[in-house]
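Trainee: Could you take me through one part of this model in detail? I would like to see how its pieces fit together, step by step.

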Amino acid sequence: LLRGQELEELFGCYSGEDRVLSAEELQDFLRDQGEDSSLSQARAIICTYELNEKAKQQELMMLDGFMMYLLSAAGDILNQEHTKVHQDMSQPLSHYFISSSHNTYLIEDQIRGQSSIEGYIRALKRGCRCLEVDCWDGPNGEPMVYHGHTFTSKIPFREVVSTLGKYAFKTSDYPVILSLENHCSMEQQEVLAQQLKDILGEQLLTTTIDGHVPTQLPSPEELKHKILLKGKKIGRLEDTLDGPGDEAPDVSDNDNGAEAEEEKRRAKVSGPGWGPAGTTESLDTGGTQHGSALQKDKESLAQALSDCVIYCKNVPFRGFQEARSHSRPSEISSLSEAKARKLIRDEGNEFVRHNAWQLTRIYPSGMRTDSSNYSPQEMWNVGCQIVALNFQTAGTEMDLCDGLFSQTGCCGYVLKPPFMRDEETLFNPSDPSSREGPGPITLTIQVISGQQLPKVANSKEGAIIDPLVRVEIYGVPADQAHQETKYIENNGFNPRWDETLQFQLHVPELALIRFVVEDYDKTSRNDFVGQFTLAFANIKPGYRHIHLLSKDGTSIPPSSLFVHI
């Protein structure tokens, strides 16, 4: 079932007439693959993958053994060295892309969908490191989590925190940021703080790692197994460290996140009675005010909760110049996707510089009530670290997210390229020549064949797919591209394309490559069959198998593509 003519042809190229590979002939193949091609390595591969005992004893490899080798992890397009933590994890948090989820408690849409602990468990298992929680006053003094001014169901905050404590470090040892949107009364804010401390204990970060005010953010390494609270804070960090000082109070704006503002507007538009189950919600979510708002903060924010916020103090965004002169590394601004796009268009280089020293969080537009996603790529292109996506919604955007974070052991942190970690960088994604480094790279992909492609969901009995392969490049605007093969009629079992696609990459460090298989349909949209996405930096050259994933990112063995890179 697995034997393909294309593999026999490749095997024949190296084995010669006798149709068996000696260790020396396998060395030639390994050299062409860009692998370790020592004789000892060739012998080790024969010993591991050859199925025929006699051949193994004579250090020979037959076609079946060669096939097993190419189908194994060693023959995968994804560099297996990069599937463990292979990057430097000792740089400031602002130097990493961080896997981030939006309204993590929702597992459906944003208006009537169900809130569930399951949302947090799924996100954490997927390597997500920044989770979101919206808190509102609940009955019997118990704060509840749900999407305000909507009909989404509710879960107790206590349950969310317990789940976080249990699952936070199962997939990754690196820190989790809990983004708190707080709509509670003073009394219930005290409860929030108490529950965080009681349930999380040592896991909750309640002071700086060295007791000093930081000049830069700490690293993922220094914050291992810690949960950081992101939220509003009264005054400055030094006040938390040495108790209220005599210094002039910090003008801390009452910023509950621009998202709360957007919800408030939506609620006003919808009129009263748009609260959960038809109740009228208080619409004062603590919007952004200018001027000295410390007093207002003190009235609306419980000190105990404020003291839990150390490295991620919410502040409103008032421009890059303002941030440079008045803001700090331990502060963070949240921007809607539309606001971020405008800044990318108008001040791309400033945005990259800003993100070299301070965290920025991007969230989906309030119009996306169906929980659809925006493309995270344009946000990563300017170095935004916390690009929050609706993890419950499958599609290209989540494929890109999974593709970027499939490296470094799925730990949820990926180090940004050097030209995005320098506060004086000249890089602007709209001008690829602003990146220091060698010129464009040519990526050549020969799409050879497919193996055991799945049928399309809900297709008619006996229907056979007409598969085509599309390769899509996501990166800086100059690199965005896609090309596809012709379709093969009625063959999902072993389609053969033998087509070569070629791409120019100006900023390969930011490029993601997505391989998509579709079932061609001349009268309607093609149906999705499978896909695999990975960062260009993690691609291995040579003859490779691509093991396809389903729409929701789970594997569908034995479906694969065979390509030459």
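What follows is a close look at domain 2 and some of the residues and helices inside its bounds.

Mentor: Happy to! Keep in mind that this is a predicted model. The chain is divided into domain 1 (5-75), domain 2 (93-234 + 299-420) and domain 3 (438-564), so you will notice that domain 2 is written as two stretches of sequence. Its C-alpha centre lies 48 Å from that of domain 1.

Let us start with S94, a residue in the loop between α5 (63-71) and β3. Is S94 buried or exposed? With a relative accessible area of 1%, S94 is buried, because buried here means under 20%. Its surroundings bring together distant parts of the sequence: S94 and W357 are 263 residues apart along the chain, yet their C-alpha atoms are 5.6 Å apart in space. Leaving aside residues up to four places away in sequence, S94 touches L217, N355, A356, W357, Q358, L359, Q385 and K416. One of these neighbours, A356, also places its backbone oxygen 3.1 Å from a polar atom of the S94 side chain.

Now move along to the annotated positions. An unreviewed UniProt entry gives the annotation "active site" to H102 and H147. The two span 46 residues in sequence, but their C-alpha atoms are no more than 11.3 Å apart, so they gather at one spot. Each comes from a loop: H102 sits between β3 (96-101) and α6 (117-125), while H147 sits between β5 (144-145) and β6 (155-156). Both histidines are buried, H102 with a relative accessible area of 5% and H147 with 4%.

From there, have a look at helix α7, residues 157-167. Its buried residues are F157, V160, V161, T163, L164 and Y167. Viewed down the axis of α7, these fall within an arc of 160 degrees, so they line one face of the helix. The spacing makes sense if you recall that an α-helix has 3.6 residues a turn, so residues three or four places apart point the same way.

Helix α8 (residues 186-200) makes a nice companion. It has 15 residues and reaches 21 Å from its first C-alpha to its last, close to the 21 Å expected at 1.5 Å a residue. Which residues of α8 are buried? They are Q188, Q189, L192, A193, Q195, L196 and L200. Down the axis of α8, the buried residues again fall within an arc of 160 degrees, so they line one face. On the face turned away from that buried side you will find the exposed residues E187 and D198. Just after α8, G201 takes a positive phi of about 55 degrees.

Finally, T408 deserves a stop. This residue is in the loop between α16 (396-405) and β13 (413-415). Its phi is near 45 degrees, a positive value in a residue other than glycine. T408 is also buried, with a relative accessible area of 0%.

To tie the picture together, S94 touches a set of residues that includes W357, the annotated H102 and H147 gather at one spot, and the buried residues of α7 line one face of that helix, as those of α8 do on theirs.

Terms used: Residues numbered from 1 in each chain as written. Predicted model: local features only at pLDDT ≥ 70, side-chain atom pairs only at ≥ 80, totals over all residues. Heavy atoms only, no water. UniProt positions renumbered as here; feature names shortened; annotations may be inferred. Helix = DSSP H or I, 4+ residues; strand = E, 2+ residues; numbered from the N terminus. Buried < 20%, exposed > 50% of the residue type's maximum accessible area, 1.4 Å probe, protein only. Arc of directions from axis to C-beta. Contact = heavy atoms within 4.5 Å. Polar contact = N/O pair within 3.5 Å; in protein donor to acceptor, adjacent residues only side chain to side chain. Domains from an automatic or database assignment. Expected span 1.5 Å × (residues − 1).
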